[in-house]
Amino acid sequence: GTPAKPIVNHVEIVFRGLPIDRSRDPNSYGCGLLVKGDVTMCGRWKSPSVKIMEDVTKGTMSAKVEFIPNNWYKEDRLLIPPSGGKSLRHVRRNPEILEYSWSRGDDEIGFETPFLESHYLGRDTKGITDCYPDVVNLDRNIVIRSLNPDGVRGHIMIMDEATCDIQNVQFKDLGRTTDEKIDNTTFDRFGNVIRYGTNQAG
């Protein structure tokens, strides 16, 4: 798809997670999409997020929002980041994920399951609201994902002088570099492998 004519149907690109032959691919580039030229991927536009306009308590299954989001569909996964409480002691450390269910009127949306925690509007010392929690839609109609997230995961590398235009595309369960110390394959000056890395960068 292009910005002028995006893909509107559901499309998936799935990396099968085949074993990587380190003797032929010492840098572990395989099982991925490597781009050195041009790539354009554009899916159906949807409102990326919407703000909650009221305090929401645990167990609630709907919320007043700033506007009804466009192109949200039933069971879309929604992320509610940590939000401030009535004091700093109530700040949630972990985000919450719910599923979209319905909209009503011009300022209310519903969820498939209830909130697990309360989410309060941010207020200053005078009690004036100055911060509104976000609801972020995680799903897109173009999905690039790994077949087995616990196996050899797919990855995407857009490098050198590549030109890319990627809009409304979901990257799911991709990437093999962990948060451990980077450990790349090393080579001698002739290009021969000295040691295979265990946590390649990128």
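**A guided look at strands and side-chain pairs**

Visitor: In which loop does His-119 lie?
Guide: The model discussed here is predicted. Within this model, His-119 belongs to no strand of its own but to the loop between strand S8 (108-111) and strand S9 (122-123).

Visitor: Is His-119 buried or exposed, and which side chain does a polar contact join to that of His-119?
Guide: The relative accessibility of His-119 is 0%, and because buried means under 20%, His-119 counts as buried. Its side chain takes part in a polar contact of 2.9 Å, and the partner is the side chain of Glu-96.

Visitor: Which strands are the edge strands of the open sheet?
Guide: The open sheet is formed by 6 strands in the order S4-S11-S6-S7-S8-S5, with antiparallel pairing. The strands that pair on one side only are its edges, namely strand S4 (49-51) and strand S5 (62-64).

Visitor: By how many degrees are neighbouring strands of this sheet turned against each other on average?
Guide: The sheet in question is the open one with antiparallel pairing. With direction ignored, the average turn between its neighbouring strands is 35 degrees.

Visitor: Which residue in S11 stands opposite Ser-49?
Guide: S4 and strand S11 (residues 134-137) run antiparallel and are joined by 3 bridges. Across this pairing, the residue in S11 that stands opposite Ser-49 is Val-136.

Visitor: How many residues apart are Trp-72 and Tyr-100?
Guide: One of the 2 aromatic pairs is formed by Trp-72 and Tyr-100, edge-to-face, at 5.6 Å centre to centre and with 90 degrees between the planes. The pair links distant parts of the chain, since Trp-72 lies in the loop between S5 and strand S6 (77-80) and Tyr-100 in strand S7 (residues 96-104), a separation of 28 residues.

Visitor: Are Trp-72 and Tyr-100 buried or exposed?
Guide: The cut-off for buried is under 20% relative accessible area. Trp-72 has a relative accessible area of 7% and is therefore buried; Tyr-100, at 5% relative accessibility, likewise counts as buried.

Visitor: What is the angle between the planes of Phe-111 and Phe-115?
Guide: Phe-111 and Phe-115 are both buried. Their rings form an edge-to-face aromatic pair, 5.0 Å centre to centre, and the angle between the planes is 75 degrees.

Visitor: Which side chains of strand S13 point to one face and are buried?
Guide: In a regular strand, side chains alternate between the two faces of the sheet. Strand S13 (residues 155-158) shows such alternation: Ile-156 and Ile-158 point to one face and are not buried, while those that point to the other face and are buried are His-155 and Met-157.

Visitor: What is the bridge partner of Leu-33 in S13?
Guide: Strand S2 (residues 32-35) and S13 run parallel and are joined by 4 bridges. Within S13, the bridge partner of Leu-33 is Ile-156.

Visitor: How many residues apart are Lys-36 and Asp-160?
Guide: Lys-36 and Asp-160, both exposed, meet through their side chains in a salt bridge of 3.5 Å, N to O. Lys-36 lies in the loop between S2 and strand S3 (38-42), and Asp-160 in the loop between S13 and strand S14 (163-167), so that the pair links parts of the chain that are distant, with a separation of 124 residues.

Visitor: How far apart are the closest N and O atoms of Asp-76 and Lys-46?
Guide: Asp-76, at 8% relative accessibility, counts as buried, and Lys-46, at 5%, counts as buried too. These residues form a salt bridge, and the distance between the closest N and O atoms is 2.8 Å.

Methods
Residues numbered from 1 in each chain as written. Predicted model: local features only at pLDDT ≥ 70, side-chain atom pairs only at ≥ 80, totals over all residues. Heavy atoms only, no water. Pairing = 2+ DSSP bridges. Helix = DSSP H or I, 4+ residues; strand = E, 2+ residues; numbered from the N terminus. Axes fitted to C-alpha atoms, helices over the stretch in contact; angles between N-to-C directions. Buried < 20%, exposed > 50% of the residue type's maximum accessible area, 1.4 Å probe, protein only. Polar contact = N/O pair within 3.5 Å; in protein donor to acceptor, adjacent residues only side chain to side chain. Phe/Tyr/Trp six-rings, centres within 6.5 Å; stacked < 30°, edge-to-face > 60°. Salt bridge = Lys/Arg side-chain N within 4 Å of Asp/Glu carboxyl O.
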